[in-house]
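Work through the exercises below with the coordinates open. Each task is followed by a solution in steps.

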Amino acid sequence: MKEREPVSDDRLLRKKEAALKLACSPRTIDRLVISGRLTRVKILGGIRFRLSQVETLMNGGNHDFQG
C-alpha cells in the first residue's frame with residue numbers, strides 16, 4: 001500500500017487577499033513577484049499566493065523565494 005504524503009494546510013490567497021494581509025496594493029504584490037520576494041502559484045489559469053510566504057513577509061523573515 002502506498003503511503004500518502006502529509007496534506008499541507010497552506011492556504012492559497014488571491015492577489016487582493018494577499019494585498020490585504022500585507023496592507024499594500026495589488027500592484028505591490030506584482031512588484032514583490034518581479035523582485036523574487038513572493039512566488040505565484042498558477043491554478044487553472046488563475047494566480048494564487050501561498051499564505052505561508054505572505055506570513056513570512058509579514059513577520060520580516062527570510063523572504064527570498066527564488067528557486
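**Exercise 1. Find the salt-bridge partner of lysine 15, and say which helices the pair joins.**

Step 1. Apply the criterion: a salt bridge is a side-chain nitrogen of Lys or Arg within 4 Å of a carboxyl oxygen of Asp or Glu. The side chain of lysine 15 meets that of aspartate 30, with an N to O distance of 2.8 Å.

Step 2. Place the two residues. Lysine 15 belongs to helix α1 (residues 15-22) and aspartate 30 to helix α2 (residues 26-34), so the salt bridge ties together parts that are 15 residues apart in sequence. Helices here are DSSP runs of H or I with at least four residues, strands are runs of E with at least two, and both are numbered from the N terminus.

Step 3. Check the exposure. Buried means under 20% relative accessible area, exposed over 50%, and partly exposed in between (1.4 Å probe, protein chains only). Lysine 15 is partly exposed at 29%, and aspartate 30 is partly exposed at 24%.

Note on the model and numbering: this is a predicted model, in which local features need pLDDT of at least 70 and side-chain atom pairs count only at pLDDT 80 or more, while totals for chains, interfaces and linings use all residues. Residues are numbered from 1 along each chain as its sequence is written, and side-chain values use heavy atoms, with hydrogens and water left out.

**Exercise 2. List the other salt bridges and identify the network that shares partners.**

Step 1. The count by the rule is 3 salt bridges.

Step 2. Arginine 27 and aspartate 30 form a salt bridge at 4.0 Å, N to O. These two residues are 3 apart in helix α2, so about one helical turn separates them. Arginine 27 is partly exposed, at 42% relative accessibility. Through shared partners, salt bridges join Lys15, Arg27 and Asp30 into one network.

Step 3. Glutamate 17 and arginine 11 also form a salt bridge, at 3.8 Å, N to O. Glutamate 17 is partly exposed at 30%, as is arginine 11 at 43%.

**Exercise 3. Determine which residues of helix α3 are buried and how they are arranged about its axis.**

Step 1. In α3 (residues 51-58), the buried residues are Leu51, Gln53, Val54 and Leu57.

Step 2. Viewed down the axis, the buried residues of α3 fall within an arc of 165 degrees, so they line one face of the helix. The arc is that of the directions from the helix axis to the C-beta atoms.

Step 3. Identify the cover, using contact as heavy atoms within 4.5 Å. What covers these buried residues of α3 includes β1 (12-13), α1, α2 and β3 (46-50).

Step 4. Just after α3, glycine 60 has a positive phi of about 70 degrees.

**Exercise 4. Identify the largest nonpolar core and the helices that supply it.**

Step 1. A nonpolar core is a set of buried Ala, Val, Leu, Ile, Met, Phe, Trp, Tyr and Cys residues joined through side-chain atoms within 4.5 Å.

Step 2. The largest such core has 11 residues, among them Leu13, Ala18, Ile29, Phe49 and Val54. Helices α1, α2 and α3 each supply at least two residues of this core.

Step 3. Leucine 32 is another core member. Leaving aside residues up to four places away in sequence, leucine 32 touches Leu22, Arg37, Leu38 and Leu57.

**Exercise 5. Summarise the chain by its elements and burial.**

Step 1. The chain has 3 helices and 3 strands, in the order β-α-α-β-β-α from the N terminus.

Step 2. Of its 67 residues, 22% count as buried.
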